[in-house]
Amino acid sequence: MSTSTRWNDTEHASSKCNVYDPTQYVFLPMAYTVVLCIGLPGNAIAMVVFLRNDKIKKAIRIYLINLTIADILFNLTLPLWIDYYFSGGNWKLLNGSVLSDILCRVAGATYYLATYSAITFMMLISVNRHYTIQMSKSRMPLNTRQGALATCLITWAVWICCAVPSLVEHQTHRTNLSVTKCFEHFSGSQGYSYAMIIYVFVSFSVVLASYISIMKSLSSPLSRSRCVHLRLAKAMVLGMLLVFTICIAPYHLTVVAWVANRTSSVGCKPLSTLDVMHRINSALLSLNSCIDPVIYCFSVKRFRTDLLKIWRKILRWVPLHETVHEVQESHIKSSSFTSS
């Protein structure tokens, strides 16, 4: 039996029943809601801090800005998926219209574009920190402003090309229960899943090697004069390493088995452990966009200082209004006391 036939059989069988999945229809959208409420404002503030200087000269700042853009793109897709999963896996947005399927395609393609672009930028940031610490700045094109700009443009171009098939193909289908599914075609997805696992493994290996290199540099006697710079680099790469370990790796370790299970299972089956693990890992994957702004606070030079300056500018009128109000109240009380 071909993969497409198996999918048609699975879709036909599953459309006759409705197995309730609390991890998908309660836990996952709740996790996405938390990530949206924290990640979107956090990354928006980080973007303001990074763009505070008119001229962005350093390569590391270019990579950080692009990582922040990827995180913001990811967060912007979450309201669509929150509505989808809270609706019981029913794509109701612009239901019945051509725009409904187009919106589904854009949401799914942007989700994966943002995810894998962010993984690439984390890898590039780690490489940048490694070569900066090793004093190879002049020999490494990735560490120059022009090189960083070109690398980021190529990264976006590559992942946009990878997302094009998702935009071209029809991504919604209607079940016998009058439920519209979005981005839940699994036939042909195994090869894509294997490719993504290999890419994530390579990216993780690069980040790990960069961290080990920086740790060796910290133990060198020559590093004392650059101790603060080394520690910031170590904190940044360690943060990227933790994101890979906590958020990215668990999802990719189970995704192939989960896709294989979805394409090969026929009939109404109770919720499997693999399904539960996949939903939890999807929630962990989304945490990436929340953690990145926290990493910036502890690893980017002057980030917290610039952040405090921005907050002071935003909030500087609040104490002034309170003072005026208090002065007015004091004036009324004194006038009343005098008249009495």
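Good morning. I shall begin with a term: a residue is called exposed when its relative accessible area is over 50%, and buried when that area is under 20%. The structure before you is a predicted model.

Let us apply the term to Val-98, a residue in helix α4. Is Val-98 buried or exposed? Its relative accessibility is 65%, and therefore Val-98 counts as exposed.

Val-98 also belongs to a nonpolar patch on the surface, with an area of about 770 Å². The other residues of this patch are Leu-94, Leu-99, Ile-102, Val-106, Ile-160, Val-164, Leu-167 and Val-168. Two helices, α4 (98–133) and α5 (145–168), each contribute at least two residues to the patch.

I turn now from the surface to the interior. The largest nonpolar core has 74 residues. Which of its residues touch the most other members? They are Trp-81 and Ile-248. If we set aside residues up to four places away in sequence, Trp-81 is in contact with Tyr-32, Trp-91, Ala-107, Gly-108, Tyr-111, Cys-182 and Phe-183.

My last topic is charge. Side chains of opposite charge can pair when their charged atoms come close. How many salt bridges does the structure hold? There are three.

One of them joins Arg-279 to Asp-21, with 3.3 Å between the closest N and O atoms. Arg-279 lies in helix α8 (residues 273–286), while Asp-21 is in the loop between α1 (3–14) and α2 (22–50), so this pair ties together parts that are 258 residues apart in sequence. Arg-279 is buried, at a relative accessible area of 6%, and Asp-21 is buried as well, at 3%.

Another salt bridge links Asp-101 and Arg-105, whose closest N and O atoms are 2.6 Å apart. These two residues are four apart in helix α4, so about one helical turn separates them. Asp-101, with a relative accessibility of 5%, counts as buried. Arg-105 has 18%, which is under the 20% limit, and so Arg-105 counts as buried.

There is also a salt bridge between Asp-306 and Arg-302, where the closest N and O atoms are 3.6 Å apart. Here Asp-306 is buried, at 4% relative accessibility, whereas Arg-302, at 44%, counts as partly exposed.

To conclude, I would ask you to find Val-98 in helix α4 once more, and then Trp-81 in the largest nonpolar core. Thank you for your attention.

How values were computed:
Residues numbered from 1 in each chain as written. Predicted model: local features only at pLDDT ≥ 70, side-chain atom pairs only at ≥ 80, totals over all residues. Heavy atoms only, no water. Core = buried A, V, L, I, M, F, W, Y, C linked by side-chain atoms within 4.5 Å. Buried < 20%, exposed > 50% of the residue type's maximum accessible area, 1.4 Å probe, protein only. Contact = heavy atoms within 4.5 Å. Patch = residues over 30% accessible without salt bridge, like charges linked within 9 Å, V, L, I, M, F, W, Y side chains within 5 Å. Areas by Shrake-Rupley, 256 points an atom, 1.4 Å probe, with all protein chains shown as cover. Salt bridge = Lys/Arg side-chain N within 4 Å of Asp/Glu carboxyl O.
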